[in-house]
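Colleague: Could you take me through one part of this model in detail? I would like a close look at a single chain, and then a word on the cysteines.

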Amino acid sequence: MPFFQTSGSQLNVSRVNANYLNPGLQLVGFRSMSSVTTATITTFDTGRTTAFSSQNLSYRLVIQELTCATGAATVLLKLNAGGVVTTDAEYYYGGISYSDAAATTLRNVNASSTGMRIGSAALTGAVTLCATIDIHNPFASGSTGFQVEARESAGTFSSGGIYKPHTSLDGLTLLNNNGYAMTGKMMLYAWRNP
Amino acid sequence: MAISRRADYATNDILVYDELNRWSINGSPQYLTHTVMSGATTQPFHGVFNMYPVTTYSHFKIIINKLTTSLDNLQLNMKLHSTFIPGLGPSTYDQAYQNVVYNGGALSYNSGTGLSAWSIVRNTNSSAASSAIIDVFNPFVALTVTGISKISSDSLQYSTSSGRYANSNAFDGFELSLSGAGTMTGTVTVYALRNGNA
């Protein structure tokens, strides 16, 4: 339980550490995008130099109002190892997508993709996207798990999967697989663990 | 100067209770507990939903990382628990889930009512890990308890599930167990999300 002081009382370091530094989600980095074809996290919280580290097991990436140039656009999220984006086809995922205008629910699966799909294959045209992506164990040994919830211009996309290689990953790259420029913002939070 | 974020203060500045209270206690989610399971048959999390006043926190997130089991194809079950009334736990769980296999298999789904537990991971693996994120709403208030889970598995499938427990009792924690004779290993971290009216 938190130690509740009275208004105006001063707090020392031990009280602060014990009772107040328990935020479950901490913003660790962000990136504003303006007509770019790829984007990584470039601004980090104090004391961090990479998106993923041994400090945390799980992370949440929030993508806000991402727009892509007109055209059939697939947004992919790739993970980085040693600061370099992965190029292998070791992303496995399954999910569903459904459009506001259609009664059909589509199944999206891939057993060998070059990135985590963030948008739906069913939607074409200019894409406006908001999404939350939870990423588990990227830095530790073992595969990396992820869950995606996305709202596009005219539909919903929900999926989950893994990046299979037991590689230590220290960052991420967002890109449009058709090479169209992207504008928007992404924030990376770390889920706290001891 | 009012402190609204970390960059507003300098080293050796003295912080008073009011300033920290505004932006730290209002912070959400609050980290509650972290448990490492190693060869556990049942793992209790008693009292975790009652660590803070229920008027402040009634929505919780649970993250399960690197879950493996001693046997394949066991279900990971979640049951609500009440410290105040031992042995009390709803015997009626309703749930629905859908399962998507990465390698092109059909979308499967199922549902059930009157179940003895909420199955949150349907196919565990002895060598391939699962990671899950679970929302639990209103466990410690006299309302229907709702749970929503999303799981990614190295066994090449993604599942979402929702469960419902219609009861008027207050449950202050939960327990994880397996559907069969086996043990589980992994980490479980619990967070609380702040209510808007507190």
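Modeller: Happy to! Accessible areas here come from the Shrake-Rupley method with a 1.4 Å probe. Please keep in mind that this is a predicted model. On that basis, chain B exposes about 8400 Å², and carbon and sulfur atoms supply 51% of that area. As for burial, 51% of the 198 residues in chain B count as buried.

Now for the fold of this chain. Chain B contains one helix and 12 strands. Following the sequence, the order is α-β-β-β-β-β-β-β-β-β-β-β-β, so the helix precedes the strands, given that elements are numbered from the N terminus. The contacts add to this picture: taking those in chain B between residues at least 6 apart in sequence, 73% join residues at least 24 apart.

On to the cysteines, where the search covers the whole structure. It finds zero disulfides over all chains. A:Cys68 is a case in point: it takes part in no disulfide, and the nearest cysteine sulfur, that of A:Cys130, lies 12 Å away. Why is A:Cys130 unbonded to A:Cys68? The closest cysteine sulfur to that of A:Cys130 is the one in A:Cys68, and because the gap is 12 Å, it is too far for a bond; the cut-off for a disulfide is sulfur atoms within 2.5 Å. The surroundings of these two residues can be set side by side: A:Cys68 is buried, with a relative accessible area of 7%, while A:Cys130 is partly exposed, at 30%.

Note on methods: Residues are numbered from 1 along each chain as its sequence is written. Chains are lettered from A and ligands numbered from 1 in the order in which they are written. This is a predicted model: local features need pLDDT of at least 70, side-chain atom pairs count only at pLDDT 80 or more; totals for chains, interfaces and linings use all residues. Side-chain values use heavy atoms; hydrogens and water are left out. Helices (H or I, at least four residues) and strands (E, at least two) are DSSP runs, numbered from the N terminus. Buried means under 20% relative accessible area, exposed over 50%, partly exposed in between (1.4 Å probe, protein chains only). Contact means heavy atoms within 4.5 Å.
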